[in-house]
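Q: Please take a close look at the nonpolar interior of this protein, and then at the parts that lie outside it. A connected account would suit me better than a list.

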Amino acid sequence: MPGDLADLTITLRDTAGRLTGDYSVAIVGLDNNQIHLPYDSDGSLTIRLPKGRYFIDSVINTTAADGTRHAHILPRPNLVLDRDTTVDTPAVASRPIRVTPPDPRAELALGEIGFNVVMAHYPTAASHLTADLSAVSLAQLGPSLPPDALITTVNTQWTTPAGDFYGLAWFPRGTVPTGFTKVVRREDLATVHADLNLQVPGDAGIRQASPNVRSEDLLTAGAVLDLPLPTTRTEYYNFDDTEWLTVLYEVDPANPWPARAMFMGGVRTFLPGRTYRLPFNHAPFGPAFPAEQRPWAVRDGDTIDFFLPLLSDSAANAGISSWNSLDIELSRNGSAIGHWKDTPSAALQVPPGAADYHLTARVSRSAPYDLSTQVSAEWTFRSTHTDREVALPLSAIRYFPALDAANTAPAGVSFLIPIALQAQSTDTLTHPRHQVTSVSYDEGQTWQKATAVGNRAILLRHPASAASVSLRTTATTPEGGTVAVTLIRAYKLRPR
C-alpha cells in the first residue's frame with residue numbers, strides 16, 4: 001500500500017562540504033531482508049522503500065592534491081524510516097584508524113573494516129579492505145543497534161622483515177567506533193610457533209589467518225602470505241574475545257592453484273602471555289575432526305550433512321588434497337542409501353526413524369605423494385530424527401608417532417606410537433575402551449597384529465629392511481559405535 005512506503009534521501013558530501021558522486025551506498029533492510037545499492041552521480045539520491053529499520057553503509061572517497069585516495073566509512077546502523085526522511089553523510093565526520101603493533105618494523109599486510117548485520121531472517125556482511133590504515137577513516141552516524149544485531153570488525157594483519165606475523169582484531173558489538181586507536185603490547189598477545197612442513201619436495205606454502213568472535217560464525221578476511229616450505233615462524237595473536245582460524249596451503253610453485261593440499265587449523269583461542277606450538281602438514285595423514293563452529297557431520301531433522309577431512313595431519317588440522325579417487329557410501333540398516341564420488345561432502349534426506357548407519361570413505365592418491373597413498377575409514381553409529389542440528393557421533397583415530405621433519409622413523413628398532421580417539425569438533429582426546437591395531441611393512445599386502453600397550457599406545461618392531469609403515473585400527477567409540485581406519489604408507493622408515 002502507498003502508506004507503507006516512504007522516500008529516503010541521502011546526501012553525500014566530501015571534506016569541503018560539497019556534494020560528491022565519488023561514493024558507494026548499500027541499504028540493508030533490517031525488517032524486510034531487502035538490500036539496495038542506489039546511486040546518483042550528483043551526490044544526492046532518493047529511493048522509495050518500505051517503512052522500517054535500515055542499516056546504511058556509506059563510503060565517500062576523496063582525492064588529495066597529491067593524488068592520494070582516502071575512504072571515509074560512514075555507516076548509519078539504525079535508521080528508522082517511518083516517514084519521508086533526508087539524512088546527510090559528511091566525510092568530515094570520520095576519524096582516523098590507528099593500530100600500533102609491538103614491533104615498529106611491522107608492515108600492514110591487510111586491514112579490514114567490516115559489518116555483520118542481522119536482518120529479519122538471516123545475517124549479511126560487508127567488508128572494506130585496505131593496505132594502508134592511514135587511507136581509511138571511520139564514524140558512526142545515528143543510533144546504534146542491539147549487541148546481537150551488529151558486530152563491527154576491525155581486522156589488521158602485519159608482517160615483519162624477520163617473517164613474524166601479527167594478527168590483531170577486535171569486534172565491537174552493536175556499535176561502530178568513531179575512529180579507532182589501539183597500541184598493542186607484546187604482553188597482550190599469545191606467541192605461536194608455527195612448524196610448517198611439506199609433502200612434496202620443491203613445493204611452497206601459503207599461510208592465512210582469519211579472526212572470528214567466540215561463539216559466532218562471521219565472514220572475515222585473511223592476508224594471503226607466500227612462504228617457503230618447510231619453515232618455522234613466529235605468529236602473535238590477540239585475544240579480546242577473538243578466535244583465529246589458521247590455514248596452510250601447499251602449492252606447486254609452477255602451478256599454484258588449485259593448491260596441492262590444504263590444512264585448516266580449526267578455530268582456536270590464544271590467551272595473552274601464553275606460548276603455543278602449531279605443527280602443520282606432518283604425517284600421518286588421515287581422518288580428523290578439529291574443533292569448528294559447526295560440526296563436520298550433522299543431522300538436522302531428517303537431513304544428514306557431512307564434510308569428511310580424510311587427509312588431515314597428525315595435529316588434527318583438517319586436510320584435503322588432490323586425489324586419484326574418492327568414494328563415500330552411506331547405508332541404513334544394511335541397505336545402501338547414498339554413494340558419492342570425487343567429493344568429500346554431501347547432504348542426504350533419510351527416513352525419520354531410529355536406525356543403524358554405516359558410513360565408509362576411501363581416498364587414493366599417487367605420485368608426487370609418497371605418504372597416505374590409500375586411506376579408508378568406516379564409522380557405525382545410531383541416529384534418529386532431531387528437532388535441531390545435532391553432531392553425529394563420529395570419532396577419529398589419531399596416531400602420534402615421533403617422526404622427523406621428513407616424516408620418517410628409524411628402521412630396525414622398537415617404536416612406540418601413542419593412540420587416541422578424537423570426537424568431532426573437539427580438541428579433547430580420549431583413550432578407546434577397546435582397540436585392535438595391525439601393522440604392515442609391505443604397503444598392505446600382509447598384516448600382523450600390533451602389541452597393545454593398554455588402550456593408550458601400540459608397540460611396533462620396525463624391520464631393518466622395510467621402507468614404510470602402514471597402520472590399521474578398529475576401535476569402539478564412547479557412544480557405542482565403531483570407527484576403523486587404514487593408512488597405507490602412514491610414515492616412512494630410514495636406515496639406522
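A: A nonpolar core is here a set of buried Ala, Val, Leu, Ile, Met, Phe, Trp, Tyr and Cys residues that are joined through side-chain atoms within 4.5 Å. In this predicted model, the largest such core has 86 residues, and those with the most contacts inside it are F306, L308, L359, W379, L460, L471 and Y491. The element that gives the most to this core is strand 41, residues 482-494, with six residues. L471 shows how such a residue is surrounded: leaving aside neighbours within four places in sequence, its contacts include Y399, I417, W447 and I458, and also L460, V485, L487, A490 and Y491. Among the contacts of L471 there are S438 and T486 as well. Apart from this core lies another one, of 30 residues, among them V99, M119, L133 and L168.

Turning to the surface, L416, V453 and L459 make a nonpolar patch of about 230 Å². L459 belongs to strand 39, which covers residues 457-461, and L459 counts as partly exposed because its relative accessible area is 37%, a value that falls between the limits of 20% for buried and 50% for exposed.

A buried polar residue completes the picture: D14 sits in the loop between strand 1 (5-13) and strand 2 (23-29), and its relative accessibility is 13%, so D14 counts as buried. A polar atom of the D14 side chain lies 2.9 Å from the backbone nitrogen of A16, while D14 also touches T20, I60, T62 and A91, not counting residues up to four places away in sequence.

Methods. Residues numbered from 1 in each chain as written. Predicted model: local features only at pLDDT ≥ 70, side-chain atom pairs only at ≥ 80, totals over all residues. Heavy atoms only, no water. Patch = residues over 30% accessible without salt bridge, like charges linked within 9 Å, V, L, I, M, F, W, Y side chains within 5 Å. Areas by Shrake-Rupley, 256 points an atom, 1.4 Å probe, with all protein chains shown as cover. Salt bridge = Lys/Arg side-chain N within 4 Å of Asp/Glu carboxyl O. Helix = DSSP H or I, 4+ residues; strand = E, 2+ residues; numbered from the N terminus. Buried < 20%, exposed > 50% of the residue type's maximum accessible area, 1.4 Å probe, protein only. Polar contact = N/O pair within 3.5 Å; in protein donor to acceptor, adjacent residues only side chain to side chain. Contact = heavy atoms within 4.5 Å.
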